[in-house]
Amino acid sequence: MTSQEGRKPTFAEALIILLVCAGIISYGVLKLGVDAHIPIITSGVLVALWGCFGLKYPWKIIEEGMLQGITMALQAIVILMMVGLVIGSWIQSGVVPSLIYYGLDILSPKVFLFATLLICSVVSLATGTSWGTSGTVGIALMGVGAGLGIPAPLTAGVVISGAYFGDKMSPLSDTTNLAPAVAGTDLFSHIRAMVWTTGPTYLIVTVITILFGMKYAGGSLDAGKIDAIQAVMKSEFSISLLGLVPPLIVIGMAVAKIPALPGLFAGIIFACGMSFSQGFGLADIVGALHYGYEATLSAEIAGTEAFEAVAQLMADHSIAGMTPELVKDAGSMLSELLTRGGLDSMMWTISLILAALSFGGIMERCGFLEVLLHAILKSVKSVGGLVTSVIISCFISNLFLGDQYLSIVMPGRMFKTAFEEKGLHPRMLSRSLEDAGTLVSVLIPWNTCGAYNSGVLGVPTLEYAPYAFLNYINPLVAIAMTYMGIGVFWKKEEEKAAS
C-alpha cells in the first residue's frame with residue numbers, strides 16, 4: 001500500500017471506530033426508537049471522514065468501496081423486489097389464506113405446542129416474515145395457550161421458534177436473501193446448506209415441544225376462536241387445496257436447481273391466474289403486485305352486513321358460540337396479517353440493505369475490518385474455529401448493533417476473505433451468518449427483534465428466551481456439526497462436481 005492510497009489503521013483505531021459506530025446505531029435504534037437507516041448512514045459518514053482525513057485515503061477509493069458493497073447485493077435486491085410481488089399475489093389469490101386455514105385445522109389440545117410450532121413454521125415459510133407471524137397468528141395462539149393453562153413464556157418461545165424457522169429457511173425472507181448476497185453464493189445453494197444444521201435442530205425442537213406438550217394434554221381447546229378465524233377467512237377468500245400449488249411449484253423448481261428468479265416468477269404467474277379465476281380484474285391484480293393486498297376485513301366488521309354473512313356461514317357449518325366480539329377480533333387479526341406484500345413493501349428493507357452494505361464497504365476498503373479480522377483469526381486454526389468465530393461475531397453484533405441485518409452484513413464482510421483462503425464454499429459462510437445472525441437477534445431484549453416480539457406477545461424477552469429452543473440450539477448444532485466434519489462444503493469439491 002502506497003502513501004498515496006492511505007495507510008492501514010491500527011487495531012486501536014479500528015476498535016474505537018467500531019465501538020463508536022455501534023454506539024451511534026444502538027443509540028438511534030434503542031434510545032431514540034428510530035429506524036436504523038439514518039444512524040447507519042451517519043456511521044458511514046463518520047468512517048468515511050476518518051478514512052479521508054485520518055488515514056489519508058482519496059475519496060475515489062472510499063467511494064469505490066461503498067459502491068462495491070452495494071454491487072454485491074444487487075441480485076438479492078432484485079429477488080426481494082420479486083418477493084414483494086409474490087406475497088401480494090399469493091395473498092390475493094388465496095394461497096397464503098389457504099395455508100393458514102389448513103394449518104389451523106391441525107390444532108389439538110394434546111399436541112398444542114407441536115401444532116403451534118408447525119403452524120408458525122408454515123405461515124412464516126409462506127410469508128417470509130417472522131414479525132408478521134408472531135404479531136398475528138402468534139397472538140392468536142398465545143390466547144389459545146392461555147386457555148389451555150400453558151405458561152405464556154413457553155407458548156411465546158415456541159411461537160418464536162416456528163416463526164424464525166420460516167424466516168431463516170423461506171426464499172421469501174429478506175435475511176435469507178441477504179446472507180448469500182453478503183457471502184457470495186446463490187439463494188438456493190444457501191438454503192440447501194442450511195438444511196444440514198437447521199434440519200436436525202428442528203427435529204430436536206419437535207421432540208422437545210411434544211414432551212413439553214404432554215404435561216398440558218388434559219386441557220380443553222376453545223374451538224370457537226379458531227372457527228371464527230377460519231369462517232371470517234372463508235368469507236373473503238376462496239379456500240381450496242389449489243392454494244398449495246404455487247408453493248409446490250417454487251419448491252419443486254428449487255429442488256430441480258432452477259435459479260430463484262424464474263422459480264418465483266412461475267409462482268407469481270400461477271397465483272395471478274388464480275386471482276383472475278376468483279373474479280379479480282387486471283387492475284386489482286396489478287395493484288396487489290405493486291402496493292400489496294389490502295384485506296377488506298376490519299375491526300369494524302361486527303354489526304355490518306359482512307358480519308351477518310359470516311354469522312350465516314357459521315350457522316351453515318353448525319358452529320356455536322359465535323359472538324360479535326369474536327368475529328371482530330378475528331377480522332382485525334386477519335386484516336393485520338393479510339394486508340401486506342407488493343413491490344413497495346420491500347423498499348424499506350432494500351434501502352436498509354443499501355445503507356448497511358455501503359457502511360460495510362467503507363469499513364472494509366479503509367482496512368478496519370481487515371485489522372479486526374486479523375486479530376480475531378490469530379488463534380483460529382480449524383474450520384470449526386472459523387465457523388465458531390463467525391457465530392460469536394454475529395452474537396456480538398446483535399448485542400452491540402441492535403439489528404439483525406447488520407449482524408449478517410458486518411461479520412459477513414469481515415470473514416468473507418478468510419473463508420475463501422481456507423478453500424471453503426461461500427455457502428458455509430452464508431449458513432453460519434444465518435445460524436446466528438438471524439436467530440440470536442430475538443433473544444436480546446434491546447435488539448429490534450427482541451423488543452418487537454416482547455411487545456406483541458406480551459412476554460419479556462428474558463422470560464421467553466429459554467423456550468425459544470430453535471434460536472439458541474441451532475448455533476450450537478452448527479458448531480458441533482462443523483467440528484465433527486458433517487455438512488462442511490469445500491469450493492474445490494463443488495467445482496469438481498460441477499465439471
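This is a short chat about two helix pairs in a predicted model.

Q: What kind of model is this, and what counts in it?
A: It's predicted: local features need pLDDT of at least 70, side-chain atom pairs count only at pLDDT 80 or more, and totals for chains, interfaces and linings use all residues. Residues are numbered from 1 along each chain as its sequence is written, and side-chain values use heavy atoms, with hydrogens and water left out.

Q: Ok, how do α9 and α11 cross?
A: The axes of α9 (residues 152-169) and α11 (residues 187-214) come within 11 Å and cross at roughly 160°. Helices here are DSSP runs (H or I, at least four residues), numbered from the N terminus. Axes are lines fitted to C-alpha atoms over the stretch in contact, with angles from 0 to 180 degrees between N-to-C directions.

Q: So which way do they run relative to each other?
A: That angle makes α9 roughly antiparallel to α11 (over 145 degrees counts as that).

Q: Which residues of α9 meet α11?
A: L154, V158, F165, K168 and M169 do, and their partners in α11 include I191, Y202 and F212. Contact means heavy atoms within 4.5 Å.

Q: New topic: where are α14 and α15, and how do they cross?
A: α14 covers residues 260-277 and α15 covers residues 282-291; their axes come within 10 Å and cross at roughly 140°. α14 and α15 are therefore oblique to each other, a label for angles outside under 35, 65 to 115 and over 145 degrees.

Q: And who touches whom?
A: I268, C272, S275 and F276 in α14 meet L282, I285 and L289 in α15.

Conventions
Helix = DSSP H or I, 4+ residues; strand = E, 2+ residues; numbered from the N terminus.
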